[in-house]
Amino acid sequence: MEYFPLPELPEDLQAMVVERVARNSFQDLYRLRASSRSMKALAEMRRVYHYFDVLSFPWGLIMPSQLLKNCYAENNPNTIYVKGVQFFYSYDEQYYGHSLIKRAADAGYERAVYTHAMTQAIFYGDAQYFRRILRATVDRVGKLVRDAKWGWGLWHTDEFRQIKAMFTSTYVPSFYLCQCVNVVDRQCLCLWHIDVTKDDNMCERCFWIKEISLFFRDFEPISLFRDTSKW
C-alpha cells in the first residue's frame, strides 16, 4: 500500500487532517506536530483547540490550565460540557451549568446530548429530549458518561440525592413489577442489579427507568479539571 506524503496536500487539507487528529488522539497530534515545522505550525493554530477531546487526555499527565482556557475560548464542546457538569452538579449553579450543557448538546457532542436529556428528565420532569438519542447508541454513550470516575473532592448536591431517593422508591419498583419481558428474580428491588435484570426487549418505559437509574447509581461530578470557573 502506498502512502501519500501529507506535506504534499494543499494546506487547507493539511489543516483538516490536523483537526481530525486533534479530535481523536492527543498522542497522535503530538506525533504529527513533531513530524515537521509545517505540521507544528498547523497544530498550533487556535482553531485546532476547538477539536481537542480533553476527556481523552492521557492519565498520569497534568493537563495545562492554559490548554483548557484555549479550548474553552475556541468553543470546544468538550470543555463547555465539563464546565457545565461541574457548575450544575457540584456548584449548584443550575441555570448557568444547564445552559453550558445544552450548548454542548446543541453542538452535537454525544456525552452532552445524553447528559442534557438526563438532566431535563431528572430535574425538570421533561423526557422529550430522550428522542434526540438513538436507542441503539444509549448503552455506549451512557457508559462513556458514567465511566468518567473523576469525583475527587466534589459531591452531588442535596437536591440530586433527594430526587435519587424519591426515584428509587417510586419508579424502580415499577421496573421490576412490569412484565414486559421475563425478569430475573432479585431479592432487592434496587439500583444495583437493574442493568442485568431484563434484556434489551423491555418496553420503552422500563428502558428509560433503567437508564435513569444507572445515571443515579454511577454518574459522578467531574473534578479532574479542577475549578472550571477560572476558564
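**Exercise 1. Cysteines**

How many disulfides does the protein have?

*Solution.* The count comes to zero disulfides. Keep in mind that you are working with a predicted model.

Step 1. Recall what is being looked for: a disulfide is a covalent bond between the sulfur atoms of two cysteines. The cut-off used here is a sulfur pair within 2.5 Å.

Step 2. Try Cys180. The closest cysteine sulfur to that of Cys180 belongs to Cys178, at 3.8 Å. With a cut-off of 2.5 Å, this is too far for a bond.

Step 3. Look at the surroundings. Cys180 is partly exposed, at a relative accessible area of 29%, while Cys71 is buried, at 0%. Cys71 will come back in Exercise 3 as part of a helix contact.

**Exercise 2. The overall layout**

Work out the secondary structure of the protein and how many helices and strands it has.

*Solution.* Step 1. Count the elements: there are eleven helices and zero strands.

Step 2. Read them along the sequence, and the pattern is α-α-α-α-α-α-α-α-α-α-α.

Step 3. Add burial. Of the 231 residues in the protein, 48% are buried.

Step 4. Add the contacts. Among those with a separation of 6 or more, 65% are between residues 24 or more positions apart.

**Exercise 3. Three helix pairs**

Classify the packing of α4 with α5, of α8 with α11 and of α9 with α11.

*Solution.* Two packed helices are described by the angle between their axes and the distance between the axes. Let's take the pairs in turn.

Step 1: α4 and α5. Their axes are 7 Å apart and meet at an angle of about 105°. That makes α4 roughly perpendicular to α5, because the range for this class is 65 to 115 degrees. On the α4 side the residues are Leu68, Cys71 and Tyr72, and they meet Thr79, Ile80 and Lys83 of α5. Sorted by class, this contact has four nonpolar, one polar and one charged residues.

Step 2: α8 and α11. Helix α8 covers residues 135-146, and its axis lies 10 Å from that of α11, at an angle of about 10°. The two helices are therefore roughly parallel to each other, as the class takes angles under 35 degrees. From α8 come Arg135, Val138, Gly142, Val145 and Arg146; their partners in α11 are Glu204, Phe207, Trp208, Glu211, Leu214, Phe215 and Asp218. The class count is six nonpolar, one polar and five charged residues.

Step 3: α9 and α11. Here α9 (residues 158-170) and α11 (residues 204-218) pack at about 140°, with 11 Å between the axes. That makes α9 oblique to α11, since roughly antiparallel needs an angle over 145 degrees. The crossing is left-handed. Phe160, Ile163, Lys164 and Phe167 of α9 make the contact with Ile209, Ile212, Ser213, Phe215 and Phe216 of α11. By class this gives seven nonpolar, one polar and one charged residues.

Step 4. Put the α11 lists side by side: Phe215 appears in the contact with α8 and also in the contact with α9.

**Exercise 4. Backbone angles in two loops**

Where do Asn75 and Asp92 lie, and what is the phi of each?

*Solution.* Step 1. Start from the background: most residues other than glycine have a negative phi.

Step 2. Place Asn75 in the loop between α4 (65-73) and α5 (77-89). Its phi is positive, about 60°, although Asn75 is not a glycine. Asn75 is partly exposed, with a relative accessible area of 41%.

Step 3. Move on to the loop between α5 and α6 (94-106), which holds Asp92. Asp92 also has a positive phi, near 60°. At 46% relative accessible area, Asp92 is partly exposed.

**Exercise 5. Two side chains in helices**

Are His98 and Arg217 buried or exposed, and which residues does each contact beyond its sequence neighbours?

*Solution.* Step 1. His98 lies in helix α6. Its relative accessible area is 16%, and since the limit for buried is under 20%, His98 is buried.

Step 2. Leaving out neighbours within four places in sequence, His98 touches Phe88, His116, Thr119, Gln120 and Tyr124.

Step 3. Arg217 sits in helix α11. Arg217 counts as buried too, at 18%.

Step 4. With neighbours within four places again set aside, Arg217 is in contact with Leu191, Trp192, His193 and Asp195. For Trp192, 25 residues away along the chain, the C-alpha separation from Arg217 is 7.6 Å.

How values were computed: Residues numbered from 1 in each chain as written. Predicted model: local features only at pLDDT ≥ 70, side-chain atom pairs only at ≥ 80, totals over all residues. Heavy atoms only, no water. Axes fitted to C-alpha atoms, helices over the stretch in contact; angles between N-to-C directions. Helix = DSSP H or I, 4+ residues; strand = E, 2+ residues; numbered from the N terminus. Left-handed = near helix turned anticlockwise from the far one by under 90°. Contact = heavy atoms within 4.5 Å. Nonpolar A, V, L, I, M, F, W, Y, C, P; charged D, E, K, R; others polar. Buried < 20%, exposed > 50% of the residue type's maximum accessible area, 1.4 Å probe, protein only.
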